[in-house]
Amino acid sequence: MASRLVRLSSGVLMLVVLIGHGAAQTTAGTSAAGWQVVLAAGDDAEPVFDNATRELRERLVAAGVPADNIHRLSANPAEVSRDVEPAVSKVLLRRIAELPARIGDQCLVFLTSHGERGAGLWLARSNAALHPDELAQALSRGCGAVPTIVVVSACYSGGFARGKMAKPNRIILTAARNDRPSFGCQVHRTYNFFDECLLAVLPKAVTWRTAFDGAKGCVRQMEHALGARPSDPQAYFGGAVSALKVGF
């Protein structure tokens, strides 16, 4: 931050505070109460998806995010309760579109499931894929121009990091290229590869960019050990939030 004195025509001195673009970004997210959050597990064929959303919710609450600001959705009927909504397309899009984000808030939308190549994120209870353009429209309504972090953890999810999803106020992290699968969706696992890596690096990451870089490197190591073709996680960092701090 810099400041200077400017002499007005009346002879009065006015203190002008100059805040650089990067400094403005790093101050965002300092209040946990300002987070508006949607966490959705789109399939219940394996427990990895609900495990990830459940863990992230617990971490956000522990960090001071009000429980009422966190909306969790699940495809598993056993998970659905007063506090967990069904992960069907209509409910998910409405929940995102109705987020009460105001100036000073931040949005976090975390979606984890299987993916359909060329279609989007699979929502098992809708028997359909959520398309990136549908998500982009809901985000514009619920989050507007506030800093918004979107995580799409699924096979072929790189398509969410471009097109109508790409806005100056958005950070988008995806688990794979749009033409490649991701890995780790087995019944015996706690999380899939990308979710496991992202959850591991978040407590140590200063910015969302360092979180993504750390998660991508972790995924690369796990896939190498498996002998799998790299999923090559993709990301988009809007110009207004490129250095945004994690904030929780």
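**Close-ups of helix packing and a lysine**

**View 1. Helices H5 and H6 cross with a right-handed twist.** This is a predicted model, and here we zoom in on the pair formed by H5 (residues 193-201) and H6 (residues 208-226). Their axes come within 8 Å and cross at roughly 135°, so the two helices are oblique to each other. That pair of values is the usual shorthand: packed helices are described by the angle and the distance between their axes.

**View 2. Side by side, H5 and H6 meet through these residues.** On the H5 side, look for Phe 193, Phe 194, Glu 196, Cys 197, Leu 198 and Val 201. Their partners in H6 are Ala 211, Gly 214, Ala 215, Cys 218, Val 219, Met 222, Glu 223 and Leu 226. Sorted by class, the contact has 11 nonpolar residues, 1 polar and 2 charged.

**View 3. H5 is largely enclosed by the rest of the structure.** Of the 9 residues in H5, 7 are buried: Phe 193, Phe 194, Asp 195, Cys 197, Leu 198, Leu 199 and Val 201. What do the buried residues of H5 pack against? Besides H6, they pack against helix H2 (48-62) and the strands E6 (106-112), E10 (148-153) and E11 (170-174).

**View 4. Asn 192 caps the N-terminal end of H5.** Zoom in on the start of the helix and you'll find a side-chain oxygen of Asn 192 sitting 3.3 Å from the backbone nitrogen of Phe 194. Phe 194 is also one of the buried residues of H5, and it takes part in the contact with H6.

**View 5. Helices H3 and H4 cross at roughly 35°.** Here the axes of H3 (residues 89-97) and H4 (residues 132-142) come within 7 Å. Ser 89, Leu 93, Ile 96 and Ala 97 are the H3 residues in this contact. From H4 come Glu 134, Leu 135, Ala 138, Leu 139, Arg 141 and Gly 142. The class split is 6 nonpolar, 2 polar and 2 charged.

**View 6. Lys 216 sits in helix H6.** Is Lys 216 buried or partly exposed? With a relative accessible area of 22%, Lys 216 counts as partly exposed, since the cut-off for buried is under 20%. Setting aside neighbours within four places in sequence, Lys 216 is in contact with Asp 232 and Pro 233. A polar atom of the Lys 216 side chain lies 3.3 Å from the backbone oxygen of Pro 233. Ala 175 is 41 residues away along the chain, yet its C-alpha atom is separated from that of Lys 216 by 8.3 Å.

Terms used: Residues are numbered from 1 along each chain as its sequence is written. This is a predicted model: local features need pLDDT of at least 70, side-chain atom pairs count only at pLDDT 80 or more; totals for chains, interfaces and linings use all residues. Side-chain values use heavy atoms; hydrogens and water are left out. Axes are lines fitted to C-alpha atoms, for helices over the stretch in contact, and angles run from 0 to 180 degrees between N-to-C directions. Helices (H or I, at least four residues) and strands (E, at least two) are DSSP runs, numbered from the N terminus. Angles under 35 degrees count as roughly parallel, over 145 as roughly antiparallel, 65 to 115 as roughly perpendicular and the rest as oblique. A crossing is left-handed if the near helix is turned anticlockwise from the far one by less than a right angle, and right-handed if clockwise. Contact means heavy atoms within 4.5 Å. Ala, Val, Leu, Ile, Met, Phe, Trp, Tyr, Cys and Pro count as nonpolar, Asp, Glu, Lys and Arg as charged, and the others, Gly among them, as polar. Buried means under 20% relative accessible area, exposed over 50%, partly exposed in between (1.4 Å probe, protein chains only). A polar contact is a pair of N or O atoms within 3.5 Å; within protein, one must be able to donate a hydrogen and the other to accept it, and residues adjacent in sequence count only if both atoms are side-chain atoms.
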